[in-house]
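Please load the model in the viewer and keep the sequence panel visible. The tour below proceeds by selection, from the whole chain to individual side chains.

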Amino acid sequence: MLLRHAVGSAIRRLRLAKGMTLRQMSQASAISLPYLSEIERGRKEPSSEIIQTVCVVLGITLRQLMRETDVELVQADGRIAPVLDLTARRREAGSSPAAPASVRMPQADSPHTMRSKGERLQVA
């Protein structure tokens, strides 16, 4: 789970617990309703200023919001799929650990090769 998802979920849960609608929160905070909705859905990562404003409107401290965010993260631990480790694939393929997973060294001349800093790279 990304931090912005946990923060957004915590904000939504706290807002609903206070009995506030998204429109009421928007009006009280002077933050646009669409932007608040995006924050709550984890699509936007709010600045520290926006987070502080939301905390003031909700009547909570930043520390309380972070505790609630931690609750979201702990709950998500059991729900999320493990992160795919692409470094293992690179080691198996023999490519450089610094190379992106979608780039590999060409085996032979190919029409799908490109030059990058003097090396011939083949895009997978």
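Begin with the protein chain as a whole: among contacts (heavy atoms within 4.5 Å) between residues at least 6 apart in sequence, 44% join residues at least 24 apart. This is a predicted model, in which local features need pLDDT of at least 70 and side-chain atom pairs count only at pLDDT 80 or more, while totals for chains, interfaces and linings use all residues. Residues are numbered from 1 along each chain as its sequence is written, and side-chain values use heavy atoms, with hydrogens and water left out.

**The whole chain**

Display the cartoon. The protein chain contains 6 helices and 3 strands, arranged along the sequence as α-α-α-α-α-α-β-β-β. These elements are DSSP runs, numbered from the N terminus: helices are H or I with at least four residues, and strands are E with at least two. Of the 124 residues, 29% are buried; here buried means under 20% relative accessible area, exposed over 50%, and partly exposed in between (1.4 Å probe, protein chains only). The chain exposes about 8500 Å², of which carbon and sulfur atoms supply 54%. Accessible areas come from the Shrake-Rupley method with a 1.4 Å probe, and for residues only the protein chains shown count as cover.

Next, colour by pLDDT, the predictor's confidence in each residue, from 0 to 100. The mean for the protein chain is 78, and 65% of its residues reach 70 or more. Select residues 99–124: pLDDT is below 50 over this stretch, which has 35 contacts in the model beyond near neighbours in sequence. Where pLDDT is low, the predicted coordinates should not be read in detail.

**Helix 2 and the loop after it**

Select residues 22–29, which form helix 2; Leu22, Met25, Ser26 and Ser29 are buried there. Viewed down the axis of helix 2, the buried residues fall within an arc of 100°, so they line one face of the helix. The arc is that of the directions from the helix axis to the C-beta atoms. An α-helix has 3.6 residues a turn, so residues three or four places apart point the same way. Rotate to the other side of helix 2, where Arg23, Gln27 and Ala28 are exposed. The buried residues of helix 2 pack against helix 1 (3–17), helix 3 and helix 4 (48–58).

Move on to Ala30, in the loop between helix 2 and helix 3. Ala30 has a positive phi of about 60° although it is not a glycine. With a relative accessible area of 73%, Ala30 is exposed.

Then select Pro34, which lies in helix 3 and counts as exposed at 53% relative accessibility. From C-alpha to C-alpha, Pro34 and Leu22 are 9.2 Å apart in space and 12 residues apart in sequence.

**The nonpolar core**

A nonpolar core is a set of buried Ala, Val, Leu, Ile, Met, Phe, Trp, Tyr and Cys residues joined through side-chain atoms within 4.5 Å. In the largest, which has 17 residues, select Ile11, Met25, Leu36, Val54, Leu58, Ile60 and Leu65, which touch the most other members. Helix 1, helix 2, helix 3 and helix 4 each supply at least two residues of this core, and helix 4 gives the most, with 5 residues. Centre the view on Leu65: leaving aside residues up to four places away in sequence, Leu65 touches Ala10, Ile11, Leu14, Ile51, Cys55 and Ile60.

**Salt bridges**

Which residue of helix 3 (residues 33–40) should be selected next? Choose Glu40, found in that helix and buried at 3% relative accessibility. Not counting residues up to four places away in sequence, Glu40 touches Gly8, Ser9, Ile11, Arg12, Arg15 and Leu22.

A search of the whole structure finds 5 salt bridges, each a side-chain nitrogen of Lys or Arg within 4 Å of a carboxyl oxygen of Asp or Glu. In one of them, the side chains of Arg12 and Glu40 meet at 3.0 Å, N to O. Arg12 lies in helix 1 and Glu40 in helix 3, so the pair ties together parts that are 28 residues apart in sequence. Arg12 is partly exposed, at 31% relative accessibility. Add Arg15 to the selection: Arg12, Arg15 and Glu40 are linked in a network of salt bridges.

Finally, select Arg13 with Glu68; their closest N and O atoms are 2.4 Å apart in a salt bridge. This pair links distant parts of the chain, Arg13 in helix 1 and Glu68 in helix 5 (residues 62–77), 55 residues apart. Arg13 also forms a salt bridge with Glu72, the closest N and O atoms being 2.8 Å apart. Glu72 lies in helix 5 and Arg13 in helix 1, so this pair ties together parts that are 59 residues apart in sequence. Glu68 is partly exposed at 23% relative accessibility, whereas Glu72 is buried at 8%.
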